[in-house]
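Got a new structure open and wondering what the labels on it rest on? Let's go through a few of them together.

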Amino acid sequence: MVQVKCLASGSTGNSYALDDGKSVLLLEAGISAKRMLEGYLSLLPRVAGCLITHEHMDHAKGAKDLAARGIDLYASSGTFSSIEGIRSPYRKHTIRAGEQFTLGSWIVVPWQAQHDAQEPLGFLLYSKVQKEKLLFATDTYYIPNTFKDLNVILVECNYDPQILEKRIRDGQVVPSMARRLQQSHFNLEHVKDFFRSNDLSNVRQIYLIHISKGNGDPAAFQKAIMQLTGKPVMVF
């Protein structure tokens, strides 16, 4: 089975690693490169590269320093255009939605996400070693595709609309911030609709990621998705 590790998940930083026993993929570089290198120390000899969904700091903060330390970066042209300071251009690999490529023992298919960024992506990933298919979806208010034969799903569950509405009424969230959340992030109801729209028969594990500290409820989210899907659910 593919092993999933998380060093950070949320608005202060995001960093994940997928290990199929042969190659390791890093997902996001939203914390310092130092913290990533230390946290994934035992995996570093097998790291094939780092996939970055978009340029916001909580997803790309450590990108330039990862490149400086010899880790190849994979992101869209729009994402790279907004990340400053990458001094090793040969470490930058531009990828496009719908164009499949191989990275180590993985097959990667980027897909177009919906977020307030230059050219955001999500990733469909297949391990040729473990024969498992994974979906990585974060920072998107809509997933345009449906997917078959998924085994592992990492999906953003950022906020609960009811919690957000209450915090707006209480003056804890300004309307402009609320609109941005609604127009750029996946909420609990979105996640439920996504699972209802996809075949989950082969899914063995669901991970809920990028949960808002103020507008989310990790325990309630976990319970709701477990009840809906009947699958094991972990919260990062």
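Q: Why is Lys-231 called buried?
A: This is a predicted model, and in it Lys-231 has a relative accessible area of 17%. Buried means under 20%, so Lys-231 counts as buried.

Q: Where does Lys-231 sit?
A: You'll find Lys-231 in the loop between α8 (218-229) and β13 (233-235).

Q: What makes the link between the side chain of Lys-231 and the backbone oxygen of Val-203 a polar contact?
A: The side chain reaches that oxygen at 3.1 Å. The cut-off is within 3.5 Å, so the pair passes on distance.

Q: Which residues is Lys-231 in contact with, leaving aside its neighbours within four places in sequence?
A: They are Leu-200, Ser-201, Val-203, Ile-206 and Met-226.

Q: How do you know whether Gln-205 is buried or exposed?
A: Gln-205, in strand β12 (residues 205-209), has 12% relative accessibility. Buried is under 20%, so Gln-205 is buried.

Q: What does the side chain of Gln-205 have as a polar partner?
A: One of its polar atoms lies 3.2 Å from the backbone oxygen of Pro-232. Pro-232 also appears among the contacts of Gln-205, which include Asn-151 and Met-234.

Q: What makes β1 and β2 a pair?
A: 5 bridges join them, and the two strands run antiparallel. Pairing takes at least two bridges, so β1 and β2 pair. Val-4, for one, stands opposite Leu-18 in β2.

Q: Why is β1 (3-8) called an edge strand?
A: In the open sheet of 6 strands, ordered β1-β2-β3-β4-β5-β6, β1 pairs on one side only, as does β6 (92-94).

Definitions and conventions: Residues are numbered from 1 along each chain as its sequence is written. This is a predicted model: local features need pLDDT of at least 70, side-chain atom pairs count only at pLDDT 80 or more; totals for chains, interfaces and linings use all residues. Side-chain values use heavy atoms; hydrogens and water are left out. Helices (H or I, at least four residues) and strands (E, at least two) are DSSP runs, numbered from the N terminus. Buried means under 20% relative accessible area, exposed over 50%, partly exposed in between (1.4 Å probe, protein chains only). A polar contact is a pair of N or O atoms within 3.5 Å; within protein, one must be able to donate a hydrogen and the other to accept it, and residues adjacent in sequence count only if both atoms are side-chain atoms. Contact means heavy atoms within 4.5 Å.
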